[in-house]
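Hi,

Here is the structure I promised to send over. Have a look first, and my notes come after.

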Amino acid sequence: MPKPLNYLLATLIGLACIAFLYGIARACIISLKKEPDISQMPSFLSSVVTSIAAIFATNLGAVLGITISNPQSILSRSENWIPFNITATNAPTAFQVTACYIYVVGLLAAAIVWARKNFSADPKAIIPLIPELTKSLLGVMIGALAISLNVPKQS
């Protein structure tokens, strides 16, 4: 890819990372107030964080090698059916790994704030984005645990 396009891509990705972290930071700061004013969190910013988090989650799954296919199935052995071929054959880049860390740090920040709010489900006491992200962290931890503990069946 030509250098100018690399710079453009890096700029856009950097902006996305900043928007993700800014949105989480703002939700955390608002939620940690003694009497939070939930209306201070723009719904657009919550949507931005949620959308970027979905991409980060997909990236994390690809980097960790999460697949939904059975390697012994006919489809997996077929040359015409190689799901996620791009991520399956190449080692993750430093950029992809960095994105994983940014995602996990954001999820951890949300979890810490929700814990400080005693895991309140009251939408007037905490911005709903915080519990959503914390639940995503739980999903990430369960996924990582499932991958790590996946012991092959013994025949």
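Below is what I found, starting with the core and moving on to one helix.

First, the ground rules: this is a predicted model, where local features need pLDDT of at least 70 and side-chain atom pairs count only at pLDDT 80 or more, while totals for chains, interfaces and linings use all residues. Residues are numbered from 1 along each chain as its sequence is written, and side-chain values use heavy atoms, with hydrogens and water left out.

The largest nonpolar core (buried Ala, Val, Leu, Ile, Met, Phe, Trp, Tyr and Cys residues joined through side-chain atoms within 4.5 Å) has 29 residues. Buried means under 20% relative accessible area with a 1.4 Å probe, protein chains only. α1, α2, α5 and α6 each supply at least two residues of this core, and the largest share, nine residues, comes from α5. Helices here are DSSP runs (H or I, at least four residues), numbered from the N terminus.

On α5 itself: among its buried residues are Tyr 103, Leu 107 and Trp 114. The buried residues of α5 pack against α1, α2 and α6. Just after the helix, Asn 118 takes a positive phi of about 60°.

α5 and α6 pack at about 120°, with axes 8 Å apart (axes are lines fitted to C-alpha atoms over the stretch in contact, and angles run from 0 to 180 degrees between N-to-C directions). That makes α5 oblique to α6, meaning neither under 35 degrees, over 145, nor 65 to 115.

Over in α6, Ile 130 touches Ala 110, Val 113 and Trp 114, among others (heavy atoms within 4.5 Å), leaving aside residues up to four places away in sequence.

Cheers

Key:
Buried < 20%, exposed > 50% of the residue type's maximum accessible area, 1.4 Å probe, protein only.
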